[in-house]
Amino acid sequence: MVGFKASCMNSMIWVFFSLILVNWVSGNSEGDALFALRKSLKDPDNVLESWDPNLVSPCTWFHITCNSDNHVTRVDLGNSNLSGNLVPDLGKLENLQYLELYKNNIQGTIPAELGNLKSLISLDLYNNNISGNIPAELGNLKSLVFLRLNNNQLTGHIPRELAKISSLKVVDVSNNHLCGTIPTSGPFEHIPLENFENNARLEGPELVGLASYDTNCV
Ligand SMILES: *[C@@H]1O[C@H](CO)[C@@H](O)[C@H](O)[C@H]1NC(C)=O
Ligand SMILES: *[C@@H]1O[C@H](CO)[C@@H](O)[C@H](O)[C@H]1NC(C)=O
């Protein structure tokens, strides 16, 4: 009987501590997402040194800004000598407004999961070494104002989904390897042509009914 009580007590204690552990790990999912980014990047200047996943939240880390509810609203890592890849985990930062990663040497592709960032105002990935397509999922960013992807190695066409973002004011995709035609509808009506230049196979602006938007893309 005593033995039974003791083992019962033991398992209750075990359950109690597991719950604390689960809470502690999952309570910091934004920190986990950012730490996944840290692990995926090379950081010779140690700008990410303060990104310690054992802290309760990432809000005290350098280059991170949070709102009053302790949700991450800004990642400011422009011009930081970073290389390596972006991670899909970034799509979990639901309150993120500014993703500033310009002027580094980031490689790999733009994760489609960035299309989950409902609050995003600014996606600045210019002056890196990013390849692959511009994900059509970025058309889900209904708060986006600034989309600067210039000076990378991007290929494929400009997804027409972007033309449905009514908040979009600044688009720059110059100096890539994009193909197809330049969109002219919606916010693209006011984007200057120089923001599309130096894409050898990009034609335009698109004349409705004349050329297919993915002309030159095969
Ligand atoms: C960037 O990192 C490299 C090492 O990968 C280093 O040699 C170089 O000095 C750094 N540049 C700056 C501007 O910090
Ligand atoms: C850019 O990325 C490619 C791989 O996609 C790599 O071969 C090349 O060395 C990178 N350029 C620089 C300047 O790091």
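I count two strands as paired if DSSP finds at least two bridges between them. With that settled, I went through this predicted model.

**Strand pairing.** I began with β7 (residues 122-124) and β9 (residues 146-148). I found 3 bridges joining β7 to β9, and the two strands run parallel. Looking across the pair, I see Leu 123 opposite Leu 147 in β9.

**The sheet.** Next I asked myself in which order the strands of the open sheet come. I read β2-β3-β5-β7-β9-β11, which makes 6 strands with mixed pairing. β2 (64-66) and β11 (170-172) are at the edges; each has a single partner strand, so one side of each lacks a neighbour in the sheet. From one strand to the next I get an average twist of 10°.

**Whole chain.** I then stepped back to the totals. The chain carries 2 helices and 13 strands. Of its 218 residues, 32% count as buried. I also looked at contacts with a separation of 6 or more: 45% of them come from residues 24 or more positions apart.

**Helix α2.** I picked α2 (residues 29-40) and checked its span. Its 12 residues reach 17 Å from the first C-alpha to the last, close to the 16 Å expected at 1.5 Å a residue. Which residues of α2 are buried? My list reads Glu 30, Gly 31, Ala 33, Leu 34, Phe 35 and Leu 37. I followed the buried residues of α2 outward and found them packing against β1 (41-42), β2 and β3 (72-76). That took me back to the sheet, where β2 and β3 come next to each other in the strand order.

**Gln 97.** I looked this residue up in the loop between β4 (83-85) and β5 (98-100). Is Gln 97 buried or exposed? Neither quite: it has 19 C-beta neighbours inside 10 Å, so I put it down as partly exposed, since buried takes 20 or more. Leaving out residues up to four places away in sequence, I have Gln 97 touching Thr 73, Arg 74, Ser 119, Leu 120 and Ile 121. I also checked Gln 97 against Val 75: they are 22 residues apart in sequence, and 8.6 Å apart in space from C-alpha to C-alpha.

**Ligand 2.** Last, I wanted to know what surrounds ligand 2. I noted Asn 105, Gln 107, Asn 129 and Ser 131 around it. Sorting this shell by type gave me 4 polar residues, no nonpolar and no charged.

How values were computed
Residues numbered from 1 in each chain as written. Chains lettered and ligands numbered in written order. Predicted model: local features only at pLDDT ≥ 70, side-chain atom pairs only at ≥ 80, totals over all residues. Helix = DSSP H or I, 4+ residues; strand = E, 2+ residues; numbered from the N terminus. Axes fitted to C-alpha atoms, helices over the stretch in contact; angles between N-to-C directions. Near = placed C-beta within 6 Å. Nonpolar A, V, L, I, M, F, W, Y, C, P; charged D, E, K, R; others polar. Expected span 1.5 Å × (residues − 1). Buried ≥ 20, exposed ≤ 12 C-beta atoms within 10 Å, placed from the backbone. Contact = placed C-beta atoms within 7 Å.
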